[in-house]
Amino acid sequence: MRPQLGASGLANPREAQVRELAVPGPFRWTQITRNPGHVYASHRAHVGIAKLACETCHGDVATWTTPPTEPVQQLLHMSACLDCHRRRGASTWCGTCHR
Ligand code: HEC
Ligand code: HEC
Ligand code: HEC
């Protein structure tokens, strides 16, 4: 199913539901894509410093109409991390990702 735009071309009809869930506290979600505890993967390094777009790692989330029900596998393999780190000249030292 493709995401539906309203007649205005702006709001998704479910926007109100999302806004309601986001108030009053932090947005609630159940994290299902999670690396083991010995791995350190920082969004700050990737999004804040390296300026990577979310889709680079997560896929074309904007076209999804439901949350993922199983882990996004490409984010959970050391070889996927290393492939990109090599391509982009980021560190491949073990201690970069393992604490
Ligand atoms: C370099 C790759 C990379 C980029 C770019 C990235 N992420 Fe992630 N993201 C990850 C990894 C790896 C995890 C798993 C984190 C963990 O192990 O705790 C994750 C987990 C998440 C989760 C939890 C997902 C779940 O299935 O439970 C959310 C939500 C998320 N990221 C949002 C974002 C958003 C929003 C952006 C863009 C602003 C973004 N990410 C950019 C790699 C990335
Ligand atoms: C699509 C490319 C890409 C993927 C996939 C990716 N990374 Fe990165 N990562 C980068 C880049 C580029 C940087 C360098 C950021 C900078 O300039 O310091 C980086 C930096 C980091 C840093 C910070 C390094 C430092 O010196 O502070 C950590 C930690 C890290 N990545 C862990 C991971 C882990 C763990 C995964 C897999 C779950 C992963 N990355 C997947 C591109 C990627
Ligand atoms: C760019 C990030 C990154 C770097 C650098 C990295 N790893 Fe990993 N490593 C991961 C991630 C993510 C996992 C968890 C997923 C998996 O097991 O593939 C992992 C898992 C592991 C595991 C557990 C495998 C298992 O079967 O449970 C070992 C052992 C390991 N790494 C050793 C190393 C060594 C040794 C180095 C240096 C030569 C290294 N890693 C460098 C990201 C990285």
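Start with the shell around ligand 2: its residues split into 14 nonpolar, 5 polar and 1 charged. Keep in mind as you click around that this is a predicted model.

**Stop one: around ligand 2**

Select ligand 2 and show what surrounds it: you should get 20 residues. The closest are His46, Cys81, Cys84, His85 and Thr96. Now colour by helix. The elements that each give two or more residues to this shell are H2 (43-49), H3 (54-58), H4 (78-87) and H5 (94-97). Which helix gives the largest share? That's H4, with 4 residues.

**Stop two: two histidines**

Zoom in on His46, where a polar side-chain atom sits 2.7 Å from a nitrogen atom of ligand 2. Then hop over to His85: an N or O atom of its side chain is 2.8 Å from a nitrogen atom of ligand 2.

**Stop three: the iron of ligand 1**

Next, select the iron atom of ligand 1. Which protein donors does the iron have? Look for the NE2 atoms of His43 and His58, lying 2.0 Å from the iron. Why call the arrangement octahedral? The iron has 6 donor atoms around it, and the angles they subtend run from 87 to 179°, which makes it so. His43 belongs to helix H2 and His58 to helix H3, so the pair ties together parts 15 residues apart in sequence.

**Last stop: the surface**

Switch on the surface and check those two histidines. Is His43 buried or exposed? His43 counts as exposed because its relative accessibility is 57%. His58, at 29% relative accessibility, counts as partly exposed.

Note on methods: Residues numbered from 1 in each chain as written. Chains lettered and ligands numbered in written order. Predicted model: local features only at pLDDT ≥ 70, side-chain atom pairs only at ≥ 80, totals over all residues. Heavy atoms only, no water. Near = heavy atom within 4 Å. Polar contact = N/O pair within 3.5 Å; in protein donor to acceptor, adjacent residues only side chain to side chain. Nonpolar A, V, L, I, M, F, W, Y, C, P; charged D, E, K, R; others polar. Donors = N, O, S within 2.8 Å, 3.2 Å for Na, K, Ca; no water. Tetrahedral: all angles 85-135°; square planar, octahedral: opposite > 155°, others 65-115°. Buried < 20%, exposed > 50% of the residue type's maximum accessible area, 1.4 Å probe, protein only.
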